Amino acid sequence: MPSVYRSTPAFLWYNATSERPAGLPNYEIDGLGRVVMVAGEVFCRFHSAETGRICTDSHRWSSLGALKKHLRDAHKVAAAPSSAGSLSSAHDQKTADFYHDLKRRAEGEDVASSTPRKPQAIANDAALFTVPGQAKKT
Ligand SMILES: [Zn+2]
């Protein structure tokens, strides 16, 4: 079954742009220090722990694999293994929500965004935290 999130207006908007949308949230980090990526991502949203600024490389990457390589080479971080194959419908819905929130943030709304994760990944990972230095704006 094709993933539902891919046909949502928010994902189509994200996937049609060649420049990184404004307001992308930093990656969440799993208990092993790996960044948690979301299905369909093509823009780097790594924020410097020192400056809190997002990556200066704002162009669109050709694939999730190319983006992972960039994270490794430029930011010295590994990506947590992404879900292979089709998403569960719950995960699919969370992915759709993620892009919906991204679009709202890009349009200037103050929306908290959380990375959708597989229930198993959450169960295996009690130590989820965000990258130090990215203070939440108040
Ligand atoms: Zn980057």
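**Helix packing and confidence in a predicted model**

Student: This model is predicted, so let's start with the weak spots: for residues 133–138, how many contacts beyond four places in sequence does the model have?
Tutor: Over residues 133–138 pLDDT stays under 50. Where pLDDT is low, the predicted coordinates shouldn't be read in detail. With that caution, the number of contacts beyond four places in sequence is six.

Student: Which element of the chain has the highest mean pLDDT?
Tutor: For background, the chain averages 85, with 80% of its residues at 70 or more. Strand β3 (residues 129–130) sits at the bottom of the elements with a mean of 47. At the other end, with 96, is α1.

Student: At roughly what angle do α1 and α3 cross?
Tutor: α1 covers residues 9–16 and α3 covers 89–106, and their axes come within 8 Å. The crossing is left-handed. Its angle is roughly 65 degrees.

Student: How many residues of the contact of α1 with α3 are nonpolar?
Tutor: On the α1 side you've got Ala 10, Phe 11, Trp 13 and Tyr 14, facing Tyr 99, His 100, Leu 102 and Lys 103 in α3. One of the contact residues is polar and one is charged. The nonpolar count is six.

Student: Is Ser 48 buried, exposed or partly exposed?
Tutor: Ser 48 is in the loop between β2 (35–36) and α2 (64–75). Its C-alpha is 8.7 Å from that of His 75, 27 residues along the chain. Buried takes 20 or more other C-beta atoms within 10 Å, and exposed takes 12 or fewer. Ser 48 has 15, so it's partly exposed.

Note on methods: Residues numbered from 1 in each chain as written. Predicted model: local features only at pLDDT ≥ 70, side-chain atom pairs only at ≥ 80, totals over all residues. Axes fitted to C-alpha atoms, helices over the stretch in contact; angles between N-to-C directions. Helix = DSSP H or I, 4+ residues; strand = E, 2+ residues; numbered from the N terminus. Left-handed = near helix turned anticlockwise from the far one by under 90°. Contact = placed C-beta atoms within 7 Å. Nonpolar A, V, L, I, M, F, W, Y, C, P; charged D, E, K, R; others polar. pLDDT = per-residue confidence, 0-100.
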